[in-house]
Amino acid sequence: MLQQPNPRPLVDASGRPLRLGAELGKGGEGSVYALADQANLVAKLYHHPPGAEKSAKIVAMAKLGTDRLLKLAAWPTSAIHAASRGGPVLGFLMPRISGHKPAFNLYSPKLRLQEFPSAGWAFLIHAAANAARAFAVIHESGHVIGDVNHGNLVVAPDATVKLIDCDSFQVSANGQRWFCDVGVSTHQPPEFQRLTSYKQILRTPNHDNFGLAVIVFQLLFMARHPFSGRYLGAGDMPIERAIKEYRFAYGANALALQMKPPPGSLSLNGVTRNLALLFERAFAPEGSREGARPKPEVWIAALGELAQALRKCAANPGHEYLAVTGKCPWCEIEATGGFMLFPVVFLPGAGPQPGGIDIAVLWQEMRAIPDPGAAPPLPPPAALKATKAKAAPQTPPARRPRKRMAIALALTTVVIIPVAKLVGPLSTVADAIFWPSAVAILILLSWAAMPPVAKKRGKAELEQAALKARERCTAIEQQWKIEAGNEEFVQRRLALEKLKADYDRLPHERLRRLLDLETNRDGAQLTAFLDRCPLDGANIKGVGDAKITVLQSYGIATAADIVDQRVLAVPGIGPIMLKRLKVWRRQKEARFVFDPKKGVSAIDKQTVEQRMLTERARLERALSEGVAQLAAFSKKILARRQALERDARSAAEALLTAQADLRALV
């Protein structure tokens, strides 16, 4: 047994003596000890005796404890007094919480694989709903958490959630209120981002509900913070400012706010529409109105809806995703990010996986797709001459009827009218009547001999029509050369053959990577050691909670992730901060000791298997989509040839018609 930290005797509120056991943990405010004779309780002793207000708060909280509160929180059950009952308060007793781990260890992918190795997305959704249930009980009891952050939530292997550090909560009883004087800026609402101190600030459940929305988001979106993204404007965008200005990086209005999510992030389309709208409500300016943010009960229902709408990925059943999206987003995120989000459920084998793709059958389908071949010569306009020759007599040129009409007019003027006057039946008609009538008839015949103005086509107009028809023929010839050939078909088929070769090499690549693990055990052990050194809670000069949250949003969660290129790609992180992070990493590296007797870790092997499985799934999707596209493209080329031949015939006929009309003018 360790020496009791306080020389004076310690008693609980009833005066019962307390015997402290081993120190279980230590923080900035106090230390937690086991009790030698009460296994279900622990004692928290402050480093410095609390003042009168804090002491009164502890005494009041012990009296306010209910079964529901004690079931889900490390709620004070009794004040710890010095020497005797009623003596100075030095700390308090609370339920012992064992088997639980910080929430960050769950939603950070690397730490989750270590601490919750079998947890899938459904587990995270369940944990998020349980976190909301814990918030609901606190609020129903008339209290406010205040200092919401992932450090005061712990998660069990069954996804149940409990709250710790309850002595910082805002507590109300019998008309008296004890405030929460602390807060982590990354989980505080926009209306608090301007504060320099939280002392005597009245908190409401609506303020808590902002922090709850952040925690739910981080659990569902792989440690991404909703306000940590890439700022598209000038300068940096600290996360506190982004929160203050409501710059939700994943929202429908994100681009208008000059924000984009970090690369490799799940989008809001990856959750149900109802859940996406809850995030929009929680992070919008309207949420600052009292009671406007979604309450815990609303989150519980929406998360339950999401859990019921999941489907297992055919390529990797370790992936669960929203069924209506039709495509697993985790496969793509893992492939582009090069890291594992969830554990491998099965290993790739030689044959098709359940619900997967049979590549052998698929490849037979690819071989059966007909090659359209090189484009045949496009028929020239002259090939359509016979068709045009038959059609021409049906529409005689306009000049011929005009010529016959002119001859008839001349004969009427020179022969018919004079003869009719001299010897014909009109000889008896008086000149005063005959000649005006004859002139009128001649004028009428002259008008009839002239075509209507609307039907007259001049030479310039016909030449323009012929030019346009010729240009159209030339354009179709160019389209034929570009679109009727099989060059792109051949290139697509070659690309598929390369993908197939990559697919066939996967078994050899898998063996090579596993062999590399054996030959590079020292490097693998170092990486595994550094992966057990999380940034969360690290004491690094100039790198506070906000910067660590931003780093986590970009997948930098442990000492192993401190790599120059990756760190400098994070917005707001420059060379000075990188230097401090590297100093911290080197301090951790100095504690590493290689164990030659230790084999390759199961996590390293699982990582290789996961990456190979992800690559296999990617290649299978690419091959499946590529074969379907190749078949469609083969049909498209043949259909395009037919369409271009029709266009060419139409253009040739228009050209021949224009040329014939021009010749008719001569």
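This report walks through some strands, helices and nonpolar cores of a predicted model.

## Two hairpins around β3

Let's start near the beginning of the chain, with strand β3, residues 30-35. Five of its six residues are buried, so β3 is mostly covered. Its partner β2 covers residues 20-26, and the two pair in the antiparallel sense over four bridges. Here E23 stands opposite Y33 in β3. Three residues sit between β2 and β3, and the pair makes a hairpin.

β3 also pairs with β4 (residues 41-46): the two run antiparallel and are joined by five bridges. If you want a spot to look at, S31 has L45 in β4 as its bridge partner. β3 and β4 form a hairpin as well, with five residues between them.

## A three-stranded sheet and its helix

Further along, there's an open sheet of three strands, in the order β7-β8-β9, with antiparallel pairing. β7 (101-102) and β9 (161-163) are the edge strands, each pairing on one side only. Helix α5, residues 121-140, packs on this sheet and touches β8 and β9. The direction of α5 makes about 35° with that of β9.

As for the link between β7 and β8 (residues 153-155), two bridges join these antiparallel strands. K101 stands opposite V155 in β8.

## The nonpolar cores

The largest nonpolar core has 110 residues. Those with the most contacts inside this core are W121, L220, L275, F279, F283, W299 and W330. Helix α5 turns up again here: α5 gives the most to this core, with 13 residues.

L275 is a handy residue to zoom in on. If you skip its neighbours within four places in sequence, L275 is in contact with L220, W299, A302, L303 and L306. Apart from this core lies another one, of 20 residues, and I369, L496, L499 and V600 are among them.

## Where α16 meets α17

Now for a helix pair: α16 spans residues 487-504 and α17 spans residues 506-519. Their axes come within 5 Å and cross at roughly 45°. That angle falls outside the parallel, antiparallel and perpendicular ranges (under 35, over 145 and 65 to 115 degrees), and α16 and α17 are therefore oblique to each other.

Which residues do the meeting? D502, Y503 and D504 in α16 meet L506, P507 and H508 in α17. Sorted by class, this contact has three nonpolar, one polar and two charged residues.

Notes: Residues are numbered from 1 along each chain as its sequence is written. This is a predicted model: local features need pLDDT of at least 70, side-chain atom pairs count only at pLDDT 80 or more; totals for chains, interfaces and linings use all residues. Side-chain values use heavy atoms; hydrogens and water are left out. Two strands pair if DSSP finds at least two bridges between them. Contact means heavy atoms within 4.5 Å. Axes are lines fitted to C-alpha atoms, for helices over the stretch in contact, and angles run from 0 to 180 degrees between N-to-C directions. Ala, Val, Leu, Ile, Met, Phe, Trp, Tyr, Cys and Pro count as nonpolar, Asp, Glu, Lys and Arg as charged, and the others, Gly among them, as polar. A nonpolar core is a set of buried Ala, Val, Leu, Ile, Met, Phe, Trp, Tyr and Cys residues joined through side-chain atoms within 4.5 Å. Buried means under 20% relative accessible area, exposed over 50%, partly exposed in between (1.4 Å probe, protein chains only).
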